[in-house]
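Q: I have a model open and would like to go through a few spots with you. Could we start with a single residue and work outwards?

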Amino acid sequence: MTASSEIYEVARRKLIFALDVGTIAEADELITLLGDSVGMFKVGKQLFMSSGPPVIEHVKERGSEVFLDLKFHDIPRTVARAAMEATRLGVSIFNLHASGSAAMMREAVRSVDRVCRTEKLERPRMLAVTVLTSIDASDLRAIGVDGELDDQVVRLALLARDSGMDGVVASPREIAAIREACGRDFIVLTPGIRPAGSDKGDQKRTAGPADAIRRGADYVVVGRPIRDAGDPRAAARQIVEEIVEGLS
Ligand code: C5P
């Protein structure tokens, strides 16, 4: 491998494509198209509700890793049980809401560690959602959270780290503050990525791929800018090139 193909491979592995479709057949078409252009596929609520656990098996059979994006938020015991099942499904990453409390995150971490030990399973990385990228300061005020949005993100990131989580989901704009507070080894995964010229959709706190990586993101999640492009494979490759730029 040459140095440039090596860095391209590092960049590719950082790109997670959101399989935001309603059927396994549609997901399958996208996996065929993008399997060698992205690093991982994200299965979210729509696809999981329509197709269930078999879709995860399917993505893995096609040779790709899965980020299960169900954003668990419930009482500690319920979330811990769901986290154990996600682990048994063999996903590489799954997430829950940091606002569900330290007790909820700690119990999930403990349960996942235990099931990995007793059933000899691979440990998924567990990420906590801080503040959704579709939310802005006025939305936050409306649900009773006063103060700066960035402070709320960092507060939740620290709570997640201190509860044993591996990292967080946050908008590109807060990466630097999270890095500073939580250190280099804490994973930061960021949606809300919009390459130059693409539509923001319902995302409010966005950045380009190179910029997100420069600020210290470990992974970027991209959905519509790839899926809705005239040539999704070219769009994915363009984003990987932008990640390369951000790395160098
Ligand atoms: O289409 P788009 O690129 O906006 O897709 C972003 C994906 O990331 C969506 O599947 C969305 O559910 C997810 N996501 C998000 N904000 C978070 C966590 C996940 O937009 N905080």
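Q: Does E65 count as buried, partly exposed or exposed, and at what relative accessibility?
A: Bearing in mind that this is a predicted model, E65 has a relative accessibility of 28% and therefore counts as partly exposed.

Q: Where does E65 lie?
A: E65 lies in the loop that runs between helix 4 and strand 3.

Q: And which residues does E65 touch, leaving out those up to four places away in sequence?
A: With those neighbours set aside, E65 touches R13, M40, F41, V59, S92 and R125.

Q: How far is E65 from E9, C-alpha to C-alpha?
A: The two C-alpha atoms are separated by 15 Å, and E65 and E9 are 56 residues apart along the chain.

Q: V59 was on that contact list, so let's look at helix 4: which of its residues are buried?
A: In helix 4, which spans residues 54-61, the buried residues are V55, I56 and V59. Looking down the axis of helix 4, these buried residues fall within an arc of 100°, so they line one face of the helix.

Q: What do the buried residues of helix 4 pack against?
A: They pack against helix 2 (24-34), strand 2 (40-43), helix 3 (45-51) and strand 3 (66-72).

Q: Take helix 2 from that list; how are helix 2 and helix 4 arranged, roughly parallel or roughly antiparallel?
A: The axes of helix 2 and helix 4 come within 11 Å and cross at roughly 20°, and an angle under 35 degrees counts as roughly parallel, so helix 2 and helix 4 are roughly parallel to each other. Helix 2 passes helix 4 in a right-handed crossing.

Q: Which residues meet there, between helix 2 and helix 4?
A: From helix 2 there are I24, D28 and I31, which meet P54, V55, H58 and V59 in helix 4. By class, this contact of helix 2 with helix 4 has 5 nonpolar, 1 polar and 1 charged residues.

Q: Helix 2 also packs with helix 12, so at what angle and how far apart are their axes?
A: Helix 2 and helix 12, the latter covering residues 232-247, pack at an angle of about 55° with their axes 9 Å apart, and the two helices are therefore oblique to each other. The crossing of helix 2 past helix 12 is right-handed.

Q: Who meets whom between helix 2 and helix 12, and what is the mix by class?
A: T32, L33 and L34 in helix 2 meet P232, R233 and A236 in helix 12. That contact of helix 2 with helix 12 has 4 nonpolar, 1 polar and 1 charged residues.

Q: Switching to the backbone, what is the phi of K71, and where is K71 found?
A: K71 is found in strand 3 and has a positive phi of about 45°, although it is not a glycine. For context, most residues other than glycine have a negative phi.

Q: What about S101?
A: S101, also not a glycine, has a positive phi of about 105°. S101 is found in the loop between strand 4 (93-97) and helix 6 (102-119), and at 28% relative accessibility S101 counts as partly exposed.

Q: One last spot: is G223 buried or exposed, and what does G223 touch beyond four places in sequence?
A: G223 sits in the loop between strand 8 (219-222) and helix 11 (224-227), and at 12% relative accessibility G223 counts as buried, since the cut-off is under 20%. Not counting residues up to four places away in sequence, G223 touches F17 and A18.

Definitions and conventions. Residues are numbered from 1 along each chain as its sequence is written. This is a predicted model: local features need pLDDT of at least 70, side-chain atom pairs count only at pLDDT 80 or more; totals for chains, interfaces and linings use all residues. Side-chain values use heavy atoms; hydrogens and water are left out. Buried means under 20% relative accessible area, exposed over 50%, partly exposed in between (1.4 Å probe, protein chains only). Helices (H or I, at least four residues) and strands (E, at least two) are DSSP runs, numbered from the N terminus. The arc is that of the directions from the helix axis to the C-beta atoms. Contact means heavy atoms within 4.5 Å. Axes are lines fitted to C-alpha atoms, for helices over the stretch in contact, and angles run from 0 to 180 degrees between N-to-C directions. Angles under 35 degrees count as roughly parallel, over 145 as roughly antiparallel, 65 to 115 as roughly perpendicular and the rest as oblique. A crossing is left-handed if the near helix is turned anticlockwise from the far one by less than a right angle, and right-handed if clockwise. Ala, Val, Leu, Ile, Met, Phe, Trp, Tyr, Cys and Pro count as nonpolar, Asp, Glu, Lys and Arg as charged, and the others, Gly among them, as polar.
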